[in-house]
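Let's walk through a protein model together, one stop at a time. Keep the sequence and the 3D view side by side as you read.

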Amino acid sequence: MIKINRRTFAAGSAALAIAPRVASAQDKKTLRFVQAGNLTILDPIFTTAYVTRDHGYMIYDTLFSIDEKNEVKPQMVDKYGVSADKLTWTFTLRDGLEWHDGQPVTAEDCVVSIKRWAARDGMGQKLMEFVADISPVDAKTFTLKLKQPYGLVLDSLGKQSSNVPFMMPKAIASTDPFKAIDSQVGSGPFIYVKAESKPGERHVYIKNPKYKPRAEPASGLAGGKVAKVDRVEFVDMPDPTQQVNALIAGEIDMIENVPHDLLPLLKRDKSVQTVMWNPLGQQFVIRFNHLTKPFDNPKIRQAALLAMRQEDYLKATVGEPEFYKVCTAAFVCGTPNGVELQGDLLVKPNFEKAKALLKEAGYDGSPVVLMQSTTLPVLTNMAPVTKALLEQAGFKVDMQSMDWQTVVSRRARKDPATQGGWSAFHTYAIAADILNPISANWMIADPAKAWFGWPNDPEMEKLRDAYARETDPAKAKAMAVAVQNRAIEQAQYGWLGMWFGPGASRANITGWLKAPVVVHWNIEKK
């Protein structure tokens with residue numbers, strides 16, 4: 001078992017020299033929130049970073065959303081239907097939709113937004129492979145015509161996490177999808193205040209007074225998005241201990257994720273509460289770069305997976321068993337496609353077999369350039385575990401420490417690992433992102449469309465296509481298992497266990513919705 005030193009804190013570490021601040025009437029209308037990361041990129045189509053996705057939910061809206069029961073519900077759409085042959089879908093927008101600059105939302109805006117999203121997102125790319133045409137009919141109506149029936153149309157348009165198909169004005173959505181937009185005009189429940197925002201310090205949003213929420217009650221990411229505070233501030237505060245102390249002092253109102261070893265400090269204070277806002281949890285992964293040495297060789301990737309043990313990662317990063325789960329199912333244990341692997345892979349390392357594979361593959365000692373994120377507490381200990389395990393299997397590992405935003409920027413580089421590129425890095429996904437072979441971007445194996453790491457496996461793409469066409473649930477599950485098995489055969493990436501991380505808020509905060517994303521509508525300060 002690999003042991004990593006985890007933080008320890010004295011019982012008195014929560015003690016503060018200042019007394020909790022008494023909230024003024026203005027404070028009760030301002031919500032101060034600390035994200036799990038530093039928001040620097042503001043285009044949720046350009047990047048899959050969750051901090052940017054969360055920014056998107058503040059200012060943009062979606063055609064469909066997913067409720068707490070994981071069912072697709074209309075959001076910006078008023079009514080929709082499909083033809084008898086299941087080839088033509090028609091969508092009509094709700095009345096009263098308006099961009100923050102006062103212009104009406106049109107069907108043409110939505111068509112262009114869908115096309116930009118689909119150029120970057122794996123689920124959108126797959127949808128467009130089946131689309132013959134998408135075009136506006138009038139100001140409020142557009143049609144989507146298919147080449148053949150496709151069972152994931154609504155699931156795609158209602159995709160709830162990165163990349164989310166957010167609607168944008170045509171002029172903005174016409175931006176090259178591989179270039180970040182420089183405008184923050186949306187139609188969502190909050191408006192971004194650029195003049196008061198400064199990356200690295202805070203991002204400011206104010207209530208959109210013209211937003212018209214749906215009549216249904218809020219549920220998950222669906223229903224009425226009613227803003228009950230006038231102002232939201234995303235406060236940049238990288239240090240987790242500082243976050244917890246600031247929450248106890250009343251200087252902030254909400255923390256997205258609390259490191260598990262700090263939870264005892266919160267449980268002792270009645271002025272705060274913990275909130276399990278994402279009950280499905282998150283999955284850790286390691287992503288390999290298929291373009292450069294040493295992981296351009298599938299046998300070397302297979303050797304790496306043979307060295308890995310999920311529980312080592314889970315104990316090092318999460319610690320308490322109540323907040324993690326060993327699960328070898330790529331598509332999440334306990335869900336329709338969640339079937340665990342046979343054998344000991346990812347559960348019990350086989351270092352001797354890994355060494356034999358490295359020898360067979362002709363591994364020449366090329367270093368694994370392993371990027372370690374140091375600013376997301378839940379990821380900080382992942383890379384040291386990998387370094388220790390890979391070295392036991394015979395790899396040479398160059399672990400390079402950097403903040404998360406540097407990881408996000410550097411992972412896009414295709415340079416050789418020894419020339420500013422990379423070999424591997426760790427990240428995680430909310431379970432809602434990875435419930436099937438189409439929504440899970442990590443399963444894409446067309447290098448022109450794939451997520452960072454750029455795998456190239458035509459056989460995987462055939463399997464994913466077969467899943468996309470299948471309408472029978474039992475057959476679809478079998479196809480999902482086939483996709484999972486292929487990912488293991490090619491060592492496309494590694495999934496390293498599930499974890500569950502509560503957020504925290506002041507005790508006077510109510511209305512925090514259970515969803516895969518922290519959203520700020522429906523929340524009140526009592």
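Which residues of H1 are buried? They are Tyr50, Val51, Thr52, Arg53, Asp54, His55, Gly56, Tyr57, Met58 and Ile59, where buried means under 20% relative accessible area, exposed over 50%, and partly exposed in between (1.4 Å probe, protein chains only). Because 10 of the 10 residues of helix H1 (residues 50-59) are buried, this helix is largely enclosed by the rest of the structure. Its buried residues pack against several elements, among them strand S11 (202-207), strand S12 (231-235) and helix H13 (404-410).

A word on the ground rules. This is a predicted model, in which local features need pLDDT of at least 70 and side-chain atom pairs count only at pLDDT 80 or more, while totals for chains, interfaces and linings use all residues. Residues are numbered from 1 along each chain as its sequence is written, and side-chain values use heavy atoms, with hydrogens and water left out.

Now step back to the whole chain. It has 15 helices and 23 strands; these are DSSP runs numbered from the N terminus, helices being H or I with at least four residues and strands E with at least two. For 526 residues, a compact globule would have a radius of gyration near 24 Å, and the chain agrees with its 23 Å (this radius is taken over C-alpha atoms, and the globule rule is 2.2 Å times the number of residues to the power 0.38). Of the 526 residues, 58% count as buried.

Next, look at charged partners. The structure holds 32 salt bridges, each being a side-chain nitrogen of Lys or Arg within 4 Å of a carboxyl oxygen of Asp or Glu. In one of them, aspartate 121 and lysine 159 meet at 3.0 Å, N to O. Aspartate 121 lies in the loop between helix H2 (107-120) and helix H3 (122-129) and lysine 159 in the loop between H4 and S9, so the pair ties together parts that are 38 residues apart in sequence. Aspartate 121 counts as buried at 0% relative accessibility, and lysine 159 counts as buried at 5%.

Another salt bridge joins arginine 202 and glutamate 233, with the closest N and O atoms 3.5 Å apart. This pair links distant parts of the chain, with arginine 202 in strand S11 and glutamate 233 in strand S12, 31 residues apart. Arginine 202 is partly exposed at 30% relative accessibility, whereas glutamate 233 is buried at 8%. Both belong to a network of salt bridges that links Asp27, Arg32, Glu196, Arg202, Arg231 and Glu233.

Two residues of that network lead us to threonine 30, in strand S1 (residues 30-34). Leaving aside neighbours within four places in sequence, threonine 30 is in contact with Arg231, Glu233, Asp253 and Lys525, contact meaning heavy atoms within 4.5 Å. Threonine 30 is buried, with a relative accessible area of 5%.

Asp253 takes us on to arginine 506, since arginine 506 is also in contact with several residues including Asp253, Ser271 and Gln273. Arginine 506 lies in strand S21 (residues 503-506). What is the nearest side chain of opposite charge to arginine 506? It is aspartate 269, 5.5 Å away, and arginine 506 is buried yet has no salt bridge. For charges, Lys and Arg count as positive and Asp and Glu as negative, while His and the chain ends are not counted.
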